[in-house]
Amino acid sequence: MKEIRIHARAGQGAITTAGILGSAYFIKGMYAYAFPYFGAARMGAPMNAFVRVDDKPVRMRSQIYEPDFVIIVDATLMRGANCLLGLSDKGIAVINHKEGIQAPKPKLKQKIYLVPANKIAQETIGRPLGNTALLGAYAAATGELDLNTMQEAIRERFTGKIQEGNLEAVKQGFEFIINNK
Amino acid sequence: MRAFLEGSKAIANTVSLCRPGVISAYPITPQTHIVEELAQLVADGKLDSQFVNVESEHSAASVVLGASASGVRVFTATSSQGLFLMAEVLFNIAGMRLPIVLTCANRAISAPINIWNDQQDSVSLRDCGFVQLYAENVQEAVDFHLLAYRLAEHKDIMLPVMVCIDGYILTHGIETLDMPEKEKIDKFLPAYQAPYKLDVDNPLTLGFLADPDYYTETRFAMQETHNEALKMLPELFADFSSVFGRNYQCVEKYRLEDAQKAIVAMGSVCGTIKDVVDELRKKGKKVGLLKISALRPFPMQDIYNALKGIPRVAVMDRALSLGSLAPLYSEIKSIFFAKKKAPKIISSFIAGLGGRDITAESIKEIFRQLNQREVVGKFIDLKAELLQDKL
């Protein structure tokens with residue numbers, strides 16, 4: 001079983017991100033369970049979304065405390081909280097880079113990637129919503145999913161122009177990691 | 001068809017294939033996605049149904065009551081305070097023997113206000129006459145709606161059914177399931193033929209005054225019908241299995257065969273317990289789970305048979321009966337009163353109130369505490385530091 005924890009603020013699309021990620025694993029033939037946990041239950045408040053993945057049906061319903069992978073949609077969350085808390089010693093974190101906010105130091109064999117996801121999103125989608133660029137980066141950084149599968153999941157979620165932009169964002173996020181690995 | 005869907009979406013689309021003629025609901029978290037999706041299906045012309053917007057849950061329940069009394073299949077859904085606002089009507093629906101299906105997206109009750117999951121809302125209404133089914137996962141949540149309509153509308157039953165699904169965990173959880181196909185649903189669930197209905201050509205009345213000469217017998221009849229439903233459910237489950245290939249029971253025995261310790265629970269937490277049971281079994285611990293899928297009618301005989309040979313039993317409640325024993329616990333405990341064959345210990349644990357996360361560790365703690373003497377109403381994961389008396 002693999003466990004992924006997403007950090008974001010309510011309204012930043014973390015549930016959609018978790019859903020697309022789970023859907024990519026589903027396309028790959030695996031079982032996934034994607035679910036949110038709201039803190040204050042209002043826009044802007046820190047919240048988590050989670051994805052649990054396995055080759056058999058996922059039954060565990062608790063939140064994720066010791067993730068294999070972490071995706072941080074909003075780097076400002078790292079100011080007030082340790083978003084890498086509980087991350088596996090071999091864990092991988094993919095962070096939406098923000099000027100002036102330093103990434104935490106990786107422990108042991110952990111890997112941390114800073115991705116200019118909002119910049120990619122601005123150029124591809126026209127809005128600074130880095131979620132799908134982060135998903136591309138996630139695929140490349142973890143090796144869990146190939147680019148095609150992730151793009152297939154995007155096609156199932158979006159249509160038209162939005163789909164096109166997001167497909168490009170995923171690709172650029174993916175390539176950013178490949179080129180900087 | 002295999003799909004990866006949000007629980008609410010999966011439920012709404014399945015309910016849609018059941019062809020309800022009237023849907024009425026008032027939005028409340030975490031139920032809202034279900035009726036939002038149904039409203040969308042109606043607006044898009046994909047579902048030929050009358051979606052009645054109302055100003056409160058009391059009205060939503062009243063609308064489906066009236067519609068059902070006129071002989072059409074109906075649907076509504078709610079949570080928490082919304083269910084309580086419906087309560088007065090729900091007793092009427094059951095008393096009028098109207099086969100309504102209601103989804104309760106389980107949520108804690110106020111005050112203090114809390115939008116997260118526990119089961120206090122539906123458990124508090126266990127006496128309202130509805131059949132109550134509790135789902136472990138999205139697949140069950142979907143399938144139970146099909147079973148709900150079949151059971152409710154059976155001419156020998158004619159009772160409403162509440163399908164209880166844990167809020168957020170199942171309503172907002174996206175997971176892999178086999179979505180029931182229209183052809184199979186049509187095979188399993190024929191069109192609703194009301195045995196009696198409000199009809200100007202054949203006038204009758206429902207829920208009319210029953211004075212002391214008659215009232216008792218109406219209640220007796222409902223009690224008898226719940227017993228009848230208990231007998232009918234295994235047949236329905238078998239029929240369901242023959243069409244969809246999935247097997248259900250009023251109680252599910254998970255690795256109980258040689259178990260020395262077992263937890264009794266309802267709803268999505270059963271998945272977590274199963275994982276913990278497997279983990280402990282690998283270490284040689286003889287543990288298991290009894291999952292209660294039907295709280296009403298309460299499958300007492302099944303529970304007795306499942307637990308009578310297990311020395312140590314923990315009942316996990318995600319609701320309270322303030323001032324007394326926890327609701328599920330007191331009912332399980334009463335089954336074994338003065339029975340020769342019975343667990344040595346039946347302990348009561350309270351967990352997961354108002355969305356407090358139930359982790360694998362919480363479950364292990366319950367199994368550990370089963371080594372001790374019987375405990376009653378023990379709260380798991382209680383934060384002692386929040387109980388300090390300081391203002």
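In which sense do β2(A) and strand β3 (residues 46–54) of chain A pair, and over how many bridges? The legends below start there. This is a predicted model, where local features need pLDDT of at least 70, side-chain atom pairs count only at pLDDT 80 or more, and totals for chains, interfaces and linings use all residues. Residues are numbered from 1 along each chain as its sequence is written, while chains are lettered from A and ligands numbered from 1 in the order in which they are written.

**View 1. Strand β2(A) and its partners.** β2(A) and β3(A) are antiparallel, with eight bridges between them; two strands pair if DSSP finds at least two bridges between them. Look for Tyr31(A), which stands opposite Asp54(A) in β3(A). β2(A) is also joined by two bridges to strand β8 (residues 174–178) of chain B, again in an antiparallel run. Here Tyr33(A) faces Glu175(B) as its opposite residue in β8(B). Seven of the eight residues of β2 (residues 31–38) of chain A are buried, meaning that 20 or more other C-beta atoms, placed from the backbone, lie within 10 Å of a residue's own. Helices (H or I, at least four residues) and strands (E, at least two) are DSSP runs, numbered from the N terminus.

**View 2. Helix α6(A) and its cover.** This helix takes in residues 160–180 of chain A, 21 residues in total. From first C-alpha to last, α6(A) reaches 31 Å, close to the 30 Å expected, a span reckoned as 1.5 Å times one less than its number of residues. Its buried residues include Leu167(A), Val170(A), Phe174(A) and Phe176(A). Among the elements covering them are β6 (111–115), α3 (117–124), α4 (131–142) and α5 (147–157) of chain A.

**View 3. Where the two domains of chain B meet.** Domain 1 covers 2–244 and domain 2 covers 251–387, with bounds from an automatic or database domain assignment. Taken over C-alpha atoms, the domain centres are 27 Å apart. In chain B, 27 residues of domain 1 are in contact with 21 residues of domain 2; contact means that C-beta atoms, placed from the backbone, lie within 7 Å. On the domain 1 side, α5 (120–124), β6 (131–134), β7 (161–166) and α8 (215–244) of chain B each supply at least two residues. The largest share, five residues, comes from α8(B).

Note on methods: Contact = placed C-beta atoms within 7 Å. Buried ≥ 20, exposed ≤ 12 C-beta atoms within 10 Å, placed from the backbone.
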